[in-house]
Amino acid sequence: MNKRNILFAAQLLVLMASSACQQNNSANKAAATDTTAVAEVKPVIITEPVKYDTDDPAIWVNKAEPAKSLVIGTDKDADGALYVFDLQGKIVQDKVVRGLKRPNNVDLAYGLMLNGKPTDIAVASERITHKLRIFSVPDMKPVDNGGIEIFKGETGNEYRDLMGIALYTAADGKIYAIAGRKNGPTTGGYLWQYLLSDDGTGHVKATLVRKFGTYSGKKEIESIAVDNELKYVYYSDEQVGVRQYAADPDQGDKQLGMFGTTGFKVDHEGISIYKLTDSTGYILVSDQGANRFQIFGREGTKQKPYEHKLLKIVNVAARQSDGSDVANVPLNDTFKHGLFVTMSDDKTFHYYRWEDIAGKELKSK
């Protein structure tokens, strides 16, 4: 080999080494910012499995005896059920409500006046019948006269295909149900809001008070969450972002904001709100396709009150998580700072300690 070839070979080796070094640096940088490189958080408890298909949980806090709090979760099938679990993840068999027609989502409210007594209620969306199914908690007895049909007057099953449900307790004590569906208009009126009250016989009736909420038309709107203290309703416009509106029906139907518009792998799903105070805390949104939750600040600023900044991304062991819920109070020796519950596609719900989700980046109440 002549001198020119030797010089060329040496230069080529230098270039190859430099390129390899740059690639390694880029890979290391990507690993540092890619959440898939972060170890997933493990649940402390996985519930006993349901029969068909878990979808959405709600946590009922027993205010007198927190250790006896319950988790109520949907089993989404034509022969579906509302399952009730204790804090050890065991099914409370005598409280399970069976024979429901594809219950999709469930939410809870405290103190609805029925027969002159404050009654805690669980409201599930029964998708096939287009009905709200309502049960007193913790005994899980029906208080709905067989169900309350909603989305009346809409044409076609898709526009009546009931999916999401969230309950809003206003400052005056009134309780509202906000319902979503598989499909609806894009220009407004995708969500329907109903006032829940006693029908005079100790059963619940629902009175339509407004239709609101825009829709991208891309997929569907299922997950809905309400912040009672700040009077906001949030819902996941799947594959687009989380939309924010006023929860009080007399505060207008204009969209206040939208967040989480980038960085989600596929669908925006379950929304949960962990409250530090009446006005501060965190909003957790399921990034379903990535098996993780993106956590945003609950509060904005005076200049941008509806801006919710991304604070943390948490990988979880739950697969393809759809619905979720969180409690911000100590329940027992396991859940001293609160409980985060999310569904997993293996027919179970996963229980996480709040401090495991929060890590060092977020606070606990």
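So, is Lys231 buried, exposed or partly exposed? Keep that one in your head for a moment, and I'll come back to it. One thing up front: what we have on screen is a predicted model.

Okay, the answer. Lys231 has 36% relative accessibility, so it counts as partly exposed, because that label covers everything between the buried cut-off of under 20% and the exposed cut-off of over 50%. You'll find Lys231 in the loop between β15 and β16. Its phi is near 65 degrees, which is positive even though the residue isn't a glycine.

Let's zoom out. The protein has 365 residues, and 52% of them count as buried. In terms of secondary structure, we get 2 helices and 25 strands. If you take contacts with a separation of 6 or more, 50% of them are between residues 24 or more positions apart. The accessible surface is about 16,500 Å², with 51% of that belonging to carbon and sulfur atoms.

Now, the pocket. The largest one has a volume of about 930 Å³. It's lined by 38 residues, and the closest to its centre are Tyr110, Asn228, Lys275, Asp325 and Val326. Several strands give two or more residues to that lining, among them β2, β15 and β19. Which strand gives the most? That's β6, with 6 residues. As for chemistry, the lining splits into 19 nonpolar, 10 polar and 9 charged residues.

Let's follow a couple of those strands, starting with β19. In β19, 8 of the 8 residues are buried, so the strand is largely enclosed by the rest of the structure. Its partner is β20, running antiparallel to β19 and joined to it by 6 bridges. If you want one pair to look for, Ser272 stands opposite Leu284 in β20. The two strands make a hairpin, with 5 residues linking them.

Next, β2, which is where Asp55 sits. Buried or exposed, this charged side chain? Asp55 has just 2% relative accessibility, so it counts as buried. Look at what it touches beyond its sequence neighbours: the contacts include Lys76, Glu222, Asp322 and Phe349. And here's a nice one for seeing how the chain folds back: Asp55 and Ser321 are 266 residues apart along the chain, yet their C-alpha atoms are separated by 8.1 Å.

Over to the end of the strand list, and β25. This strand is mostly covered, with 5 of its 6 residues buried. On one hand, β25 pairs with β1 in the antiparallel sense, over 2 bridges, and there Ile45 has Tyr351 as its bridge partner. On the other hand, β25 is also antiparallel to β24, with 6 bridges joining them. Leu339 and Arg353 are bridge partners in that pairing.

β24 and β25 form a hairpin too, with 3 residues between them. One of the turn residues is Lys347, and its phi is positive, about 75 degrees, although it's not a glycine. Lys347 has 34% relative accessibility, so it counts as partly exposed. So that's another lysine with a positive phi, like Lys231 from the start.

Last stop, a peptide bond. Going from Val137 to Pro138, the bond is cis, with omega near 15 degrees. To find it, look for Pro138 in the loop between β8 and β9.

That's my tour, thanks for listening!

How values were computed: Residues are numbered from 1 along each chain as its sequence is written. This is a predicted model: local features need pLDDT of at least 70, side-chain atom pairs count only at pLDDT 80 or more; totals for chains, interfaces and linings use all residues. Side-chain values use heavy atoms; hydrogens and water are left out. Helices (H or I, at least four residues) and strands (E, at least two) are DSSP runs, numbered from the N terminus. Buried means under 20% relative accessible area, exposed over 50%, partly exposed in between (1.4 Å probe, protein chains only). Contact means heavy atoms within 4.5 Å. Accessible areas come from the Shrake-Rupley method with a 1.4 Å probe; for residues, only the protein chains shown count as cover. On a 1 Å grid over the protein atoms alone, a cavity is a set of points where a 1.4 Å probe fits but cannot get out, and a pocket is an open set with protein on both sides within 12 Å along at least five of seven lines; lining residues have an atom within 4 Å of a point. Grid points are joined across faces, edges and corners, and a volume is the space filled by probe spheres set on the points. Ala, Val, Leu, Ile, Met, Phe, Trp, Tyr, Cys and Pro count as nonpolar, Asp, Glu, Lys and Arg as charged, and the others, Gly among them, as polar. Two strands pair if DSSP finds at least two bridges between them. Lists of a residue's contacts leave out its neighbours within four places in sequence.
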